[in-house]
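Could you walk me through this model in my viewer, one selection at a time? I would like to know what to click on next and what I will find there.

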Amino acid sequence: IIEGWVSPSRGRRQRFWQGECRRSTLGLQNLCLRPREGLTHPSMIRRIHVLLLTCIRALVGCCNSDPPAKDPQIEQPVASAPTARPSRCQPIGQDYWVGSRSPSSDDLDKILPFATELGDGVAFDGGFAVGALSQQGQGTAFEIITTNRDGTAWRKISAGASHGDADAPRVFSRGKTLGMAILEPSGSSRTLRLARIDRDQILWASEILQDQDESLAYDVVIGKEVAVAVWDGVPKGRDVGAVFLATFDPTTFQKPSKPKVMTLPGTDAEMPRLLERSGGFWLFWLARRPGSPSDDSQYRAEDIDYRWIEALPLDNRGAMTGTAVRLGPTDGHVLGFDVVSLQDDSAMVVWRDDDTPSGSPGGQLFMSRVRLGGVEGPERIDEEHTGVGAPNVMPGWFAIADALGSTRLAPLSPDGKLTDKLLRESLLGSGEPIANHGNDLFVSRPEGTAMRLFVARCLSTAIDGGSQDEEESRDAEP
């Protein structure tokens with residue numbers, strides 16, 4: 001304040017010495033100068049001392065004053081925590097382990113090499129069933145695991161020792177009938193062995209000889225009049241793969257028919273799948289053709305073939321009733337697909353398409369519906385979280401593996417639409433549902449070198465909520 005009064009401004013100094021009065025901005029003291037009074041005049045010095053003492057008191061009181069006490073009746077604001085998303089699934093019944101469990105609690109040891117392998121599970125009137133290939137002694141053996149619908153009664157059925165390169169048994173069912181198939185090496189070719197499962201017994205029924213081929217892909221479905229088995233191989237006189245089909249008795253699993261080729265010459269087909277429909281079956285396969293050569297093809301690590309899906313309608317005896325229809329463009333890059341029957345007698349096909357080299361994650365998910373009148377789609381599944389694994393669809397449910405966390409799960413409407421987001425389900429972990437009775441899911445989850453089997457009851461209503469941090473914290477739960 002004083003510096004303001006003794007400003008070096010010549011105009012203000014002139015007015016100052018003319019005897020003008022100025023009021024301090026703090027309103028504490030009037031500073032008036034009479035003519036011939038300067039800053040060194042005794043009266044002026046006293047006024048300045050009074051002003052300085054007043055300012056010092058004000059400053060000291062301001063700094064030393066305690067802050068006002070908080071009123072305990074006034075509620076202080078609290079930062080809201082993220083809302084925890086409720087779990088969609090809850091386990092019911094008892095857990096069952098196939099193989100030896102790892103003693104380590106490290107997450108890296110939950111998925112180990114040389115572990116128990118499981119095939120595709122099925123639901124039948126008595127509950128659930130799945131085939132397994134596990135270590136026994138110095139070798140491996142085939143097993144069939146069954147349980148009732150609520151997972152309270154488990155049964156293990158031995159299906160003999162494994163010889164050579166073979167996958168876990170594939171189980172198939174219709175109503176109360178339960179069967180299994182094993183594809184085993186047989187000299188220079190392979191043999192598909194069929195058997196009925198009657199409680200604790202394996203009743204071997206028939207064998208279907210396949211041609212010499214390295215593929216282990218096949219599928220089996222029981223229909224009203226016949227049971228159908230399909231597989232891929234290279235027929236005589238062709239240079240590309242084809243899909244073979246054979247039928248057998250749906251009750252005794254005997255009297256297999258002679259295999260016949262279902263794909264046209266020039267069609268390179270592999271990975272066949274079957275679905276039952278009213279009046280017959282749907283046969284799906286993966287068609288492919290070599291990629292177009294490019295100028296920089298010599299520098300590529302691998303050739304990326306074009307792959308797409310085709311569907312063929314069959315009658316109730318396994319014979320063709322039309323021509324194959326194509327799902328998706330012929331320049332697609334299908335990595336894997338899954339199929340499921342819908343209530344309107346159509347079939348929904350979901351696949352992952354990606355043109356990056358093999359082993360790299362990513363790609364987009366697509367969906368098509370197939371009817372006898374034609375194909376709807378493909379439609380891209382515009383879901384924010386589509387994981388990186390192959391799609392897994394069942395009646396009423398959609399699941400997909402996620403490399404960053406637990407498997408994602410979402411309910412499906414009767415027309416095959418997602419009714420909620422694909423959210424991580426910590427109960428599934430790195431496992432997956434392999435069969436279902438409505439909202440009761442039959443789940444397999446790797447635990448060291450063992451596989452943990454259990455039944456989970458899941459909510460089909462929308463439960464979207466919570467935060468991504470909450471999902472990640474749930475993934476960390478055991």
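Start by selecting Arg408 and Arg424: Arg424, in strand E28, is the bridge partner of Arg408. Keep in mind as you look around that this is a predicted model. Now widen the selection to strands E27 and E28, which pair in the antiparallel sense over two bridges.

Next, add the neighbouring strands. You will have an open sheet of four strands, in the order E25-E26-E27-E28, with antiparallel pairing. Strand E25 (391–394) and E28 stand at its edges; each has a single partner strand, so one side of each is left without a neighbour in the sheet. As background, strands of a sheet pair through backbone hydrogen bonds.

From here, turn to the side chains. Select Lys417 and Glu379, which meet in a salt bridge with an N to O distance of 3.1 Å. Lys417 sits in the loop between strand E27 (408–411) and strand E28 (423–424), while Glu379 belongs to strand E24 (residues 374–380), so this contact ties together parts 38 residues apart in sequence. Are these two side chains buried or exposed? Neither label fits: Lys417 is partly exposed at 35% relative accessibility, and Glu379 is partly exposed at 38%.

Now pick Asp344 and Arg371. Here is another salt bridge, with the closest N and O atoms 2.8 Å apart. Asp344 is in the loop between strand E21 (334–341) and strand E22 (347–353), and Arg371 is in strand E23 (residues 364–371); the pair links distant parts of the chain, 27 residues apart. Asp344 is partly exposed, with a relative accessible area of 39%, and Arg371 is partly exposed too, at 27%.

For the next stop, select Arg170 and Asp120. Their side chains form a salt bridge at 3.1 Å, N to O. Arg170 lies in strand E9 (residues 170–174) and Asp120 in the loop between strand E4 (117–118) and strand E5 (122–124), so the pair connects parts that are 50 residues apart in sequence. Check the surroundings of each: Arg170 has a relative accessible area of 19%, which makes it buried because the cut-off is under 20%. Asp120, at 42%, is partly exposed.

Keep that pair selected and add Asp219, Arg273 and Asp338. Together with Asp120 and Arg170, these residues are linked in a network of salt bridges.

If you would like to keep exploring, how many salt bridges does the model hold? The count comes to 20.

Definitions and conventions. Residues numbered from 1 in each chain as written. Predicted model: local features only at pLDDT ≥ 70, side-chain atom pairs only at ≥ 80, totals over all residues. Heavy atoms only, no water. Salt bridge = Lys/Arg side-chain N within 4 Å of Asp/Glu carboxyl O. Buried < 20%, exposed > 50% of the residue type's maximum accessible area, 1.4 Å probe, protein only. Pairing = 2+ DSSP bridges.
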